[in-house]
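Student: I have a chain to go through before I set up a calculation. Can we take it by question and answer?

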Amino acid sequence: MRTKSSPVLRRLWRRRRHVSRGRRGNRAGEAALEITARYCRSEMEQYGRCVAASPASWQRDCHRLRLSMSRCAAAHPIVQQIRQDCAEPFAAFEQCLKENQASVMNCSDHVNAFLLCADQVKLSA
């Protein structure tokens, strides 16, 4: 289920897709961004407004807000459960990235294995 996003979130999403394209694979970025948008909407909105207001210096000016958004996402129980349940495929993915810095597309099988694992994680009641 997709959440309705504001214009600020849509701009941030487009900028994030542009920046991340060709690095770790777009699916991993999409999954992380979707979790962040769903559970950390306020932090993401603030960061998005900062980025939009500071096109030339957003990386420096919005660093604190980016960290706040990252902390929010990392603190969410589903993210913690994914880290625990999918540690092995994620470690394999990171190792592949280290070994294939010039051609990260070689790691698509690793990212797919991690995302498959993450999609299957359920929070314990």
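Tutor: Start with a term. Buried means under 20% relative accessible area, exposed means over 50%, and partly exposed lies in between. Note that the model is predicted.

Student: Which residues of helix 3 are buried?
Tutor: Helix 3 covers residues 41-53. The cut-off for buried is under 20% relative accessible area. In this helix the buried residues are Met44, Glu45, Tyr47, Gly48, Cys50 and Val51.

Student: How far apart are the end C-alpha atoms of helix 3?
Tutor: Helix 3 has 13 residues. The expected span is 1.5 Å times one less than the number of residues, so helix 3 should span 18 Å. The model agrees: the end C-alpha atoms are apart by 18 Å.

Student: How many helices does the chain have, and how many strands?
Tutor: Read along the sequence, the pattern is α-α-α-α-α-α-α-α. The secondary structure comes to eight helices and zero strands.

Student: What share of the chain is buried?
Tutor: The chain has 125 residues. Its accessible surface is about 8400 Å², with 52% belonging to carbon and sulfur atoms. The buried residues make up 36%.

Student: Which residues touch the most other members of the largest nonpolar core?
Tutor: That core has 16 residues. Helix 6 (77-85), helix 7 (87-99) and helix 8 (108-120) each give two or more residues to this core. The members that touch the most others are Ile82 and Cys86.

Student: Which helix gives the largest share of this core?
Tutor: Look at cysteine 86 beyond its neighbours within four places in sequence. Cysteine 86 is in contact with Phe114, Cys117, Ala118 and Val121. The largest share of the core is five residues, and they come from helix 8.

Student: How many residues are in the second core?
Tutor: This core is separate from the largest one. Its members include Tyr47, Val51, Trp58 and Met69. Tyr47 and Val51 are also among the buried residues of helix 3. The second core has 10 residues.

Student: Which residue forms a salt bridge with glutamate 45?
Tutor: The structure holds two salt bridges. In this one the closest N and O atoms are 3.7 Å apart. The two residues are four apart in helix 3, so about one helical turn separates them. The partner is arginine 49.

Student: Is glutamate 45 buried or exposed?
Tutor: Its partner, arginine 49, has 46% relative accessibility and counts as partly exposed. Glutamate 45 has 14%. Because the cut-off is under 20%, glutamate 45 counts as buried.

Student: What is the distance between the closest N and O atoms of aspartate 61 and arginine 60?
Tutor: Aspartate 61 is partly exposed at 38% relative accessibility. Arginine 60 is exposed, with a relative accessible area of 63%. They form a salt bridge, and the distance is 3.3 Å.

Student: Which side chain makes a polar contact with the side chain of asparagine 100?
Tutor: Asparagine 100 lies in the loop between helix 7 and helix 8. Its relative accessible area is 18%, so asparagine 100 is buried. Beyond neighbours within four places in sequence, asparagine 100 is in contact with Asn106 and Cys107. The polar contact is 3.2 Å, and the partner is asparagine 106.

Student: What share of contacts with a separation of 6 or more joins residues 24 or more positions apart?
Tutor: Contact here means heavy atoms within 4.5 Å. Residues 24 or more positions apart account for 64%.

Key
Residues numbered from 1 in each chain as written. Predicted model: local features only at pLDDT ≥ 70, side-chain atom pairs only at ≥ 80, totals over all residues. Heavy atoms only, no water. Buried < 20%, exposed > 50% of the residue type's maximum accessible area, 1.4 Å probe, protein only. Areas by Shrake-Rupley, 256 points an atom, 1.4 Å probe, with all protein chains shown as cover. Core = buried A, V, L, I, M, F, W, Y, C linked by side-chain atoms within 4.5 Å. Polar contact = N/O pair within 3.5 Å; in protein donor to acceptor, adjacent residues only side chain to side chain. Salt bridge = Lys/Arg side-chain N within 4 Å of Asp/Glu carboxyl O.
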